[in-house]
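Student: Hey, can we go through this protein together? I'd like to start with charges and then look at the cysteines.

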Amino acid sequence: MQMARGSRTRTANMNKRRQSILKCAGEIIASEGISALTMGRLAQGAGVTIPTVHNLFGKKHDIYEHLVLEMIQKVEQALSTLEVSDPISAAETFVDKMHEVFREDETLYKAAFIAGENTKIFDQKLPGGIFQTSLNVCRDICETALEKGYLLGRINSELLAFHIFSSQRLARQDWVNGYITLPEYRRQVLQGIFITFLSDTTDSYKDKLHEKLSTLV
């Protein structure tokens, strides 16, 4: 029984050190960039030794990958429960779910995106990961809107979905780089989505989109 309690204590302490290391790595990357992260600085900031960092994670690339994979799991989990209905509510739900995930720990998620893009983890490890998941959601929103008569179908749904996805990705990059706040990220994405919808929406739905846009100014 004592051995079991001792094992649980060691596991808890190990997890605590891992979280401390990840938190420190996230703060360094988000505030100063990926080149500022060194094993020595990371160990000092997390209050552990360099060998401990290596034992718990491996090399720096392994830390980057852990940040990215954890972020992707959170985003994919949030988007898996998305309900697609009319374009406005679907867009707001999509953006709000992303916003909610990022708000949990802005520093850590900013660091994850920086690490993923600067080390090519997104391209090398996750060709069907977060970007494809987001693009698929945008495609579902457009196809459902077309099926339900909100869109005219004069513009290809794939093209509309790509521009909706691009609106989200560009706003996210601005947020990651510190140009806009998280609430501004939400507003910027929704503006891009609604303007995209206006390019192919029916006359009966235009007023609702214009009304929504007026609230985002």
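Tutor: Sure, what follows is a chat about salt bridges, a charged patch and cysteines. Keep in mind that this is a predicted model.

Student: Okay, how many salt bridges does a search of the whole structure find?

Tutor: The search turns up seven salt bridges. One of them joins Lys-23 and Glu-27, with their closest N and O atoms 2.5 Å apart.

Student: Where do Lys-23 and Glu-27 sit relative to each other?

Tutor: They're both in helix H1 (residues 2-32), and because they are four residues apart there, about one helical turn separates them. Glu-27 counts as partly exposed, at 38% relative accessibility.

Student: Got another one like that?

Tutor: Try Lys-206 and Asp-203, whose side chains meet in a salt bridge at 3.6 Å, N to O. This pair is three residues apart in helix H11 (residues 203-214), so the separation is about one helical turn.

Student: Is Asp-203 buried or exposed?

Tutor: Asp-203 is exposed, with a relative accessible area of 60%. Its partner Lys-206 is partly exposed, at 30%.

Student: And what about Asp-96, which residue does its side chain meet in a salt bridge?

Tutor: That would be Arg-186, at 2.6 Å from N to O. Asp-96 lies in helix H5 and Arg-186 in helix H10 (residues 182-198), so this pair ties together parts that are 90 residues apart in sequence. Asp-96 is partly exposed, with a relative accessible area of 31%, and Arg-186 is partly exposed too, with 25%.

Student: Switching a bit: which residues gather in the patch of negative charge on the surface?

Tutor: Glu-100, Glu-104, Asp-105 and Glu-106 make up that patch. Glu-100 is found in helix H5, which covers residues 87-104. At 46% relative accessibility, Glu-100 counts as partly exposed.

Student: Now the cysteines. How many disulfides does a search of the whole structure find?

Tutor: Zero. Take Cys-142, which is in no disulfide: the nearest cysteine sulfur belongs to Cys-138 and is 7.0 Å away.

Student: Why doesn't 7.0 Å count as a disulfide?

Tutor: Because the two sulfur atoms would have to be within 2.5 Å, and the sulfur of Cys-138 is 7.0 Å from that of Cys-142.

Student: Is Cys-142 buried or exposed?

Tutor: Cys-142 counts as buried, at 0% relative accessibility. Cys-24 is buried as well, with a relative accessible area of 9%.

Student: Why does 9% still count as buried?

Tutor: Because buried means under 20% relative accessible area, and Cys-24 has 9%.

Terms used. Residues are numbered from 1 along each chain as its sequence is written. This is a predicted model: local features need pLDDT of at least 70, side-chain atom pairs count only at pLDDT 80 or more; totals for chains, interfaces and linings use all residues. Side-chain values use heavy atoms; hydrogens and water are left out. Patches are made of residues with over 30% relative accessible area and no salt bridge: like charges are joined within 9 Å, nonpolar side chains (Val, Leu, Ile, Met, Phe, Trp, Tyr) within 5 Å. Accessible areas come from the Shrake-Rupley method with a 1.4 Å probe; for residues, only the protein chains shown count as cover. A salt bridge is a side-chain nitrogen of Lys or Arg within 4 Å of a carboxyl oxygen of Asp or Glu. Lys and Arg count as positive and Asp and Glu as negative; His and the chain ends are not counted. The place of a charge is taken as NZ of Lys, CZ of Arg, CG of Asp or CD of Glu. Helices (H or I, at least four residues) and strands (E, at least two) are DSSP runs, numbered from the N terminus. Buried means under 20% relative accessible area, exposed over 50%, partly exposed in between (1.4 Å probe, protein chains only).
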